[in-house]
Amino acid sequence: MAEKNRSGYRLQTELVRGGMERSGFDETSEALYLTSGYVYGTPEEAEAAFKGDVDRYIYSRYGNPTVSMFEERLRIFEGADFCRGMASGMAAVFAALASQVKAGDRVVASRALFGSCHYIINDILPSYGVETVFVDGTDLDQWEAALAPGAKCVFLETPSNPMLEIIDLQAVSDMAHAAGANVIVDNVFATPVLQRPMDFGVDIVIYSTTKHIDGQGRCMGGAILGPDWFDEDHLKQFMRHTGPSMSPFNAWVMLKGMETLTLRVERHCQNALQVALHLRELPGVNRVIYPTLDDHPQAALVKRQMTGGSNIIALELEGGKAAAFKALNALKLIDISNNLGDSKSLITHPSTTTHQRMPEEDRLHLGINDGLLRLSVGLEDVEDIKDDLTRSIGVQG
Ligand SMILES: *Cc1c(COP(=O)(O)O)cnc(C)c1O
């Protein structure tokens, strides 16, 4: 990791300054290069650029100085060989898979996934002739069995959406590598601040930077980080020719988001833990799931691979959909939204929104019943968040 962080500054300093390239105008804040193309002084220069003899910007689908600053800042923080800014989190998920698999390959994934990730693996990849297998992510025997016939790659999310299941990154990485597969982890819920998948053997990490990295609900974005071989052999050409690159404006917003990422994530964690403890005491609440609560089913694993619980809470209300909708309708502060990781507290009813497409049997198998709500705790005063929940859930009777 040290050699990947050439400045020698500590990671918090890199979040504020990493990747900064000042223009000739000596600006304090990172410059926003809103340009799609670049000009050449001579045709010889253009020829050399296209031949790859000189390293320079050619076209913003390939690279852009503001996007490069964002990529370098996140790359240093994650400790990866490379980072590519992407148009959205889903562009990152799709490119990480589609750039490396071909017909006849096998992908093994955990079942508890963000809805669109499930669609890519369950619907799109099989239509291209890729075999895909889902396992219960917390059951290591299922991973072992699914990986045994040989696999190209593994895709998983931990903590998972919305039930906050934790998957053992080291154990799955070891099994995957033994089977010749590389491991892709969607690290969105944990954020790069609270979980460092590469420390546990994971090869490729993806983010929806739309979530905590922007964190203020403004822009879509994503990122893929990993080892040089993955970029050189697969991703670089896929990116150039299919075009899911990040816009410079969005990269600029993400750069500024990174400067306050640790501060925001720390406060998100403090607020979420207090809200989770409060919800546990409320009548009408059957179950509260939050990674750092002592009754989390994988509390020991949480301690081993995460340094905080992040800001998502799953809570199950007594009384099913009617009770859940009644509570949602009574909220005054917390907004109903399927987004998450925002400074504003947001809540959603997964079974009728984000997981509506999932067959009921699969949904119930994951524990997503009609009384379940997913709360993304924001940065408001925690007492106001608690008051809003107490009042709304109390409306039940
Ligand atoms: C939001 C999200 C995505 C998709 O990201 P977009 O930026 O919305 O495309 C993927 N995985 C997880 C876990 C997410 O929360």
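Here are some friendly notes on the pockets, the ligand site and the cavities of this structure, which is a predicted model.

1. Let me start with the largest pocket. Its volume is about 1,100 Å³. Lining this pocket are 36 residues, and those closest to its centre are Asp55, Tyr57, Tyr62, Ser68 and Glu71. If you want to find the walls by element, look at helix H2 (43–51), helix H3 (65–78), strand S1 (82–86) and helix H9 (228–242), the elements that each give two or more residues to the lining.

2. Which helix deserves your attention in that lining? H3 gives the largest share, with 7 residues. As for the chemistry of the walls, the lining of the largest pocket divides into 14 nonpolar, 8 polar and 14 charged residues.

3. Next comes the second largest pocket, with a volume of about 390 Å³. It has 21 lining residues, and Met90, Phe114, Ser116, Ser208 and Lys211 are the ones nearest its centre. Two or more residues of the lining come from each of helix H4 (89–98), helix H5 (115–127) and strand S6 (204–208).

4. The make-up of this second largest pocket is also worth a look. By class, its lining holds 9 nonpolar, 9 polar and 3 charged residues. Both domain 1 (11–258) and domain 2 (261–394) take part, each with at least three residues in the lining.

5. Now to the ligand. Which residues come nearest to it? There are 14 residues around the ligand, and the nearest are Gly89, Asp186, Ser208, Thr210 and Lys211. You will have met two of these names already: Ser208 and Lys211 are also among the residues nearest the centre of the second largest pocket.

6. Three distances are handy to check on your screen. Glycine 89 has a polar backbone atom 2.8 Å from an oxygen atom of the ligand. In the side chain of threonine 210, an N or O atom lies 2.7 Å from a ligand oxygen. For lysine 211, too, a side-chain N or O atom is involved, at 2.8 Å from an oxygen atom of the ligand. How much of the ligand does the protein bury? On its own the ligand exposes 380 Å², and 93% of that is buried by the protein.

7. Turning to enclosed space, a search of the whole structure gives 2 cavities of 30 Å³ or more. The largest cavity has a volume of about 50 Å³. Its lining consists of Val188, Thr191, Pro192, Tyr207, Ser208, Lys211, His212 and Ile213. Helix H8 (191–194) and S6 are the elements that give two or more residues to this lining. Here Ser208 and Lys211 turn up once more, having also been named among the residues nearest the ligand. By class, the lining of the largest cavity has 4 nonpolar, 3 polar and 1 charged residues.

8. Last is the second largest cavity, with a volume of about 30 Å³. Around it you will find Leu315, Ala327, Leu328, Leu331, Ile347, Leu373, Leu389 and Ile393. Helix H13 (320–330) and helix H15 (382–394) each provide at least two residues of this lining. What is the class make-up of the lining here? The second largest cavity is lined by 8 nonpolar residues, with no polar and no charged ones. The lining of the largest cavity, for its part, includes 3 polar residues and 1 charged residue.

Key. Residues are numbered from 1 along each chain as its sequence is written. This is a predicted model: local features need pLDDT of at least 70, side-chain atom pairs count only at pLDDT 80 or more; totals for chains, interfaces and linings use all residues. Side-chain values use heavy atoms; hydrogens and water are left out. On a 1 Å grid over the protein atoms alone, a cavity is a set of points where a 1.4 Å probe fits but cannot get out, and a pocket is an open set with protein on both sides within 12 Å along at least five of seven lines; lining residues have an atom within 4 Å of a point. Grid points are joined across faces, edges and corners, and a volume is the space filled by probe spheres set on the points. Helices (H or I, at least four residues) and strands (E, at least two) are DSSP runs, numbered from the N terminus. Ala, Val, Leu, Ile, Met, Phe, Trp, Tyr, Cys and Pro count as nonpolar, Asp, Glu, Lys and Arg as charged, and the others, Gly among them, as polar. Domain bounds come from an automatic or database domain assignment. A residue is near a molecule or strand if one of its heavy atoms lies within 4 Å of it. A polar contact is a pair of N or O atoms within 3.5 Å; within protein, one must be able to donate a hydrogen and the other to accept it, and residues adjacent in sequence count only if both atoms are side-chain atoms. Accessible areas come from the Shrake-Rupley method with a 1.4 Å probe; for residues, only the protein chains shown count as cover.
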